[in-house]
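Biologist: I should be grateful for a close look at one part of this model, with its surroundings described step by step. Please state how each assignment is reached where a cut-off decides the matter.

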Amino acid sequence: MSIDGGCRCGAVRYALATGHLPQVYCCHCRDCQTWSGSAFTEQAVVRDGAFAVTAGAPALFELTNPSGSISRQYVCGNCHTRLYNTNSARPGFVIVRGGTLDASDALEAVLHIWTKRKQPWVVLPEGVPAFEERAPAEAFGSLIVGEAQ
Ligand SMILES: [Zn+2]
Ligand SMILES: [Zn+2]
């Protein structure tokens, strides 16, 4: 079963070889609010071997973080939908914007981070792990999809 997604205009399409829809984490940080033009981002963590662009050629925006890590953001060059990114601090992973998956209406959010920046009207469900700032690496373990290379 192929898990597919793409941009708003349809020029860029991608597929996840994960066999099932990934779970997502939500980041409520200010940067994510600005990136998304919304209250938070929904992100899936996919091993890079399980991610493939299947149509179109995404445009690249590269940003060096204050920590020195390089964030590579891939967008549709036509409609500018932000699709996925990689980060030099976390090699081997692709972070996919959950809202660009075809089945985004079926996503389950299993972790919230940077909740100290969340919009006050966003009410988190009980029992879902939430961190005021970044979360330890172990917190993402159950989220990671795709075979280890
Ligand atoms: Zn597009
Ligand atoms: Zn964020």
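Modeller: A strand, as the word is used here, is a DSSP run of at least two residues in state E, and strands are numbered from the N terminus. The model is predicted. I shall take the loop between strand S7 (70-75) and strand S8 (82-87), which holds histidine 80, and proceed from there to the metal site.

Histidine 80 has a phi near 65°, a positive value in a residue other than glycine. Most residues other than glycine have a negative phi. The relative accessibility of histidine 80 is 56%, and the cut-off for exposed is over 50%, so histidine 80 counts as exposed.

Cysteine 76 also lies in the loop between S7 and S8. In contrast to histidine 80, which is exposed, cysteine 76 is buried, with a relative accessible area of 1%. The zinc ion (ligand 1) takes its protein donors from the SG atoms of Cys7, Cys9, Cys76 and Cys79, at 2.3 to 2.4 Å. The angles subtended by these four donor atoms run from 105 to 113°. A tetrahedral arrangement requires all angles to lie between 85 and 135 degrees, and the site is therefore tetrahedral. The spacing of the donor residues in sequence is C-x1-C-x66-C-x2-C. Cysteine 7 belongs to the loop between strand S1 (3-6) and strand S2 (13-16), whereas cysteine 76 belongs to the loop between S7 and S8, so this pair ties together parts that are 69 residues apart in sequence. Cysteine 7 has a relative accessibility of 10% and therefore counts as buried.

Two further regions complete the picture. Strand S10 spans residues 109-113 and pairs with strand S3 (residues 24-27) in the parallel sense over four bridges. Within this pairing, tyrosine 25 stands opposite leucine 111 of S10. Four of the five residues of S10 are buried, so S10 is largely enclosed by the rest of the structure. In the segment after S10 comes tryptophan 114, which is not a glycine yet has a positive phi of about 55°.

On the surface, Trp35, Phe61 and Leu63 form a nonpolar patch with about 250 Å² of accessible area together. Leucine 63 is part of strand S6 (residues 59-64) and is partly exposed, its relative accessible area being 31%.

Technical notes:
Residues are numbered from 1 along each chain as its sequence is written. Chains are lettered from A and ligands numbered from 1 in the order in which they are written. This is a predicted model: local features need pLDDT of at least 70, side-chain atom pairs count only at pLDDT 80 or more; totals for chains, interfaces and linings use all residues. Side-chain values use heavy atoms; hydrogens and water are left out. Patches are made of residues with over 30% relative accessible area and no salt bridge: like charges are joined within 9 Å, nonpolar side chains (Val, Leu, Ile, Met, Phe, Trp, Tyr) within 5 Å. Accessible areas come from the Shrake-Rupley method with a 1.4 Å probe; for residues, only the protein chains shown count as cover. A salt bridge is a side-chain nitrogen of Lys or Arg within 4 Å of a carboxyl oxygen of Asp or Glu. Buried means under 20% relative accessible area, exposed over 50%, partly exposed in between (1.4 Å probe, protein chains only). Donors are N, O and S atoms within 2.8 Å of the metal (3.2 Å for Na, K and Ca); water is not among the atoms, so sites may look incomplete. Four donors count as tetrahedral if all angles lie between 85 and 135 degrees; four count as square planar and six as octahedral if opposite donors are over 155 degrees apart and all others between 65 and 115; anything else is irregular. Two strands pair if DSSP finds at least two bridges between them.
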